[in-house]
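Thanks for coming. I will walk through one structure, beginning with strand pairing and then moving to what is packed inside.

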Amino acid sequence: MHNIQSAFMNITLRPVTRENFEAITGLNLLDHQRDFLASNSYSIAEASLFPCLATRAVYVDELPVGFMMYAYPEPGEEPPGEYGIWRFMIDSDHQGKGYGRHALALLLAEIQSRGDARRIFISYVPGNQQAQAFYASFGFRELEIDEEGEMVAELVCM
């Protein structure tokens, strides 16, 4: 479990388990965000079928406020060390409080602590200046528009 403590908050990333499943699937996005991200229920189901997906619940103290999922390389996968952040959401009631920034920092630290990360990818709607600026502040740089029409950005780790 990774965490960040500050004077105002204690943010942790925890595995999604039977105990927190309902709370995590009950988190919501703002109406205008719902078309851009699969539901947490779908994502958790997807991760149960594909062993290279890791799910994390975002907590502030003991309150679940978000959900993240990333893909990690399978043994022998080429090229090695490529990770992808597939899901990243903060509940609509908790957006704008800095939780997402802290959670992403924790997730990047978790990925990099695995020891083999060379590149981390994330995607978002092209032209979304808020997302572009947010990810750029972590060192992500835009690469290209993918086949689904999303902007792909990468963070080089090594």
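Start at Met-69, whose bridge partner in S5 is Arg-87. Please keep in mind that this is a predicted model.

That bridge belongs to a longer pairing. S4, residues 63-71, and S5, residues 82-90, pair in the antiparallel sense over six bridges.

Now the other neighbour of S5. S5 and S6 run parallel and are joined by three bridges. Two positions show this: Glu-82 stands opposite Arg-119 in S6, and Gly-84 stands opposite Phe-121 in S6. The connection between the two strands involves a helix: S5, H3 and S6 make a right-handed β-α-β unit.

Phe-121 takes us one strand further. Its bridge partner in S8 is Glu-154. S6 and S8 pair over six bridges, in the antiparallel sense.

Back to S5. How many of its nine residues are buried? Seven are, and the strand is mostly covered.

That brings me to the interior. As a general point, nonpolar side chains in soluble globular proteins tend to be buried together. In this model the largest nonpolar core has 30 residues, and Ile-85 and Phe-140 are those with the most contacts inside it. Several elements give two or more residues to this core, including strands S2, S3, S4, S5, S6 and S8 and helices H3 and H4. Which of them gives the largest share? It is H3, with seven residues.

Ile-85 is worth a closer look. Leaving out residues up to four places away in sequence, Ile-85 touches Met-69 and Tyr-70, then Leu-104, Leu-107, Leu-108 and Ile-111, then Ile-120, Phe-121 and Ile-122, and also Phe-140. Two names there have come up already: Met-69, the bridge partner of Arg-87, and Phe-121, which stands opposite Gly-84.

Apart from this core lies another, of 13 residues. Among them are Val-16, Leu-27, Phe-67 and Ala-71.

Last, a residue in a loop. Gly-127 is found between S6 and H4. Is Gly-127 buried or exposed? Gly-127 counts as exposed, because its relative accessibility is 60% and the cut-off for exposed is over 50%. Along the chain, Gly-127 and Met-151 are 24 residues apart, while their C-alpha atoms are separated by 8.4 Å.

To recap the strands: S5 pairs with S4 in the antiparallel sense and runs parallel to S6, and S6 pairs with S8 in the antiparallel sense. That is where I will stop.

How values were computed: Residues are numbered from 1 along each chain as its sequence is written. This is a predicted model: local features need pLDDT of at least 70, side-chain atom pairs count only at pLDDT 80 or more; totals for chains, interfaces and linings use all residues. Side-chain values use heavy atoms; hydrogens and water are left out. A nonpolar core is a set of buried Ala, Val, Leu, Ile, Met, Phe, Trp, Tyr and Cys residues joined through side-chain atoms within 4.5 Å. Buried means under 20% relative accessible area, exposed over 50%, partly exposed in between (1.4 Å probe, protein chains only). Helices (H or I, at least four residues) and strands (E, at least two) are DSSP runs, numbered from the N terminus. Contact means heavy atoms within 4.5 Å. Two strands pair if DSSP finds at least two bridges between them. A crossover is right-handed if, with the strands pointing away from the viewer, the path from the first strand over the helix to the second runs clockwise.
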